[in-house]
Amino acid sequence: MPLRNEFMATERTLTIIKPDGVAAGLTGAILAKLEQAQLTIRGIRRLRLSTAQAEAFYAVHRERKFFGDLVRFMTEGPVVPVVLEGENAIARLREIMGATDPSKAAEGTIRKLYASNIERNVIHGSDAPETARQEIAFFFAEADLV
Ligand code: ATP
Ligand code: MG
């Protein structure tokens, strides 16, 4: 069986360990799960988002009724943004994260294991190639991805 085929592509994606995951001391456990899935860490930071940064990062949800709560949650403490690289990294990260609502997430996924509810769900993942590019650039300079 070939190791690669034309449907596979090495991609980069952005994940963020959200304030609930960092505060619960889950950074290492979550990173271990991602690395075990052959997603390679190319860049990693620890920072606290300002309100303006959180609003900009989740601007696509500006009109949703949960937006204010989401911004408060994402700024309540430090987060750990990480650039991951691997085959089909964007879709595979989403699969390993599990559904937004942990009660609907598949067994063994990060959200099923660790998330509290649909808002406090411990991890973010880019949802498409264009958003991955934008979200990576939000936190990292190309020269820092090694
Ligand atoms: P993320 O973008 O963080 O990876 P997602 O793509 O699974 O999550 P989105 O629909 O993009 O889900 O929502 C972004 C985030 O907003 C969710 O991860 C969650 O923290 C919060 N959120 C989404 N829907 C709700 C809701 N109905 N009530 C409260 N918070 C929500
Ligand atoms: Mg999303």
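**Reading a predicted model, residue by residue**

Me: In which helix does Ala52 lie?

Reply: Ala52 belongs to helix H3, which covers residues 51-57, and since this is a predicted model, what follows describes that prediction. Ala56 has its place in helix H3 as well.

Me: How should I read the accessibility of these residues, and is Ala52 buried or exposed?

Reply: The general idea is to set the relative accessible area against two cut-offs, with buried meaning under 20%, exposed over 50%, and partly exposed in between. Ala52 has a relative accessibility of 52% and therefore counts as exposed, whereas Ala56, with 45%, counts as partly exposed. The scheme carries over to Arg72, found in helix H4 (residues 67-74), which is exposed because its relative accessibility is 55%.

Me: How do I compare separation along the chain with separation in space, and how far apart are the C-alpha atoms of Ala52 and Pro129?

Reply: It helps to put the two kinds of separation side by side for each pair. Ala52 and Pro129 are 77 residues apart along the chain, and their C-alpha atoms are separated by 24 Å. For Ala56 and Val71, a sequence separation of 15 residues goes with a C-alpha to C-alpha distance of 9.6 Å, while Arg72 and Ser50, 22 residues apart in sequence, have C-alpha atoms 9.7 Å apart.

Me: What should I look for in the backbone angles, and what is the phi of Gln38?

Reply: As a general rule, most residues other than glycine have a negative phi. Gln38 has a positive phi of about 65° although it is not a glycine, and its place is in the loop that runs between helix H2 (27-36) and strand S2 (40-44). With a relative accessibility of 59%, Gln38 counts as exposed. Asn88, which is not a glycine either, has a positive phi of about 45°; this residue is in the loop between strand S3 (80-87) and H5, and its relative accessible area of 25% makes Asn88 partly exposed.

Me: Turning to side chains, which residue shares a polar contact with Ser126?

Reply: The side chains of Ser126 and Glu135 are joined by a polar contact of 2.6 Å. Ser126 has its place in the loop between S4 and helix H7 (129-139), and it counts as buried because its relative accessibility is 0%.

Me: How do I approach a ligand, and which residues come nearest to ligand 1?

Reply: One may begin with the neighbours, then turn to individual atom pairs, and finally consider the surroundings as a whole. Around ligand 1 there are 14 residues, of which Tyr58, His61, Thr100, Glu119 and Asn121 come nearest. A polar side-chain atom of Thr100 is 2.6 Å from an oxygen atom of the ligand. A polar backbone atom of Glu119 lies 2.8 Å from a ligand oxygen atom, and an N or O atom in the side chain of Asn121 is likewise 2.8 Å from an oxygen atom of ligand 1. Ligand 1 taken alone exposes 570 Å², and 82% of that is buried by the protein.

Me: Where does ligand 1 sit, and which elements give two or more residues to its shell?

Reply: Ligand 1 sits in the largest pocket, and the elements that give two or more residues to the shell around it are helix H5 (89-97) and strand S4 (123-125). Sorted by class, this shell holds five nonpolar, five polar and four charged residues.

Conventions: Residues are numbered from 1 along each chain as its sequence is written. Chains are lettered from A and ligands numbered from 1 in the order in which they are written. This is a predicted model: local features need pLDDT of at least 70, side-chain atom pairs count only at pLDDT 80 or more; totals for chains, interfaces and linings use all residues. Side-chain values use heavy atoms; hydrogens and water are left out. A residue is near a molecule or strand if one of its heavy atoms lies within 4 Å of it. A polar contact is a pair of N or O atoms within 3.5 Å; within protein, one must be able to donate a hydrogen and the other to accept it, and residues adjacent in sequence count only if both atoms are side-chain atoms. Accessible areas come from the Shrake-Rupley method with a 1.4 Å probe; for residues, only the protein chains shown count as cover. On a 1 Å grid over the protein atoms alone, a cavity is a set of points where a 1.4 Å probe fits but cannot get out, and a pocket is an open set with protein on both sides within 12 Å along at least five of seven lines; lining residues have an atom within 4 Å of a point. A molecule sits in a cavity or pocket if more than half of its atoms lie within 2 Å of its grid points. Helices (H or I, at least four residues) and strands (E, at least two) are DSSP runs, numbered from the N terminus. Ala, Val, Leu, Ile, Met, Phe, Trp, Tyr, Cys and Pro count as nonpolar, Asp, Glu, Lys and Arg as charged, and the others, Gly among them, as polar. Buried means under 20% relative accessible area, exposed over 50%, partly exposed in between (1.4 Å probe, protein chains only).
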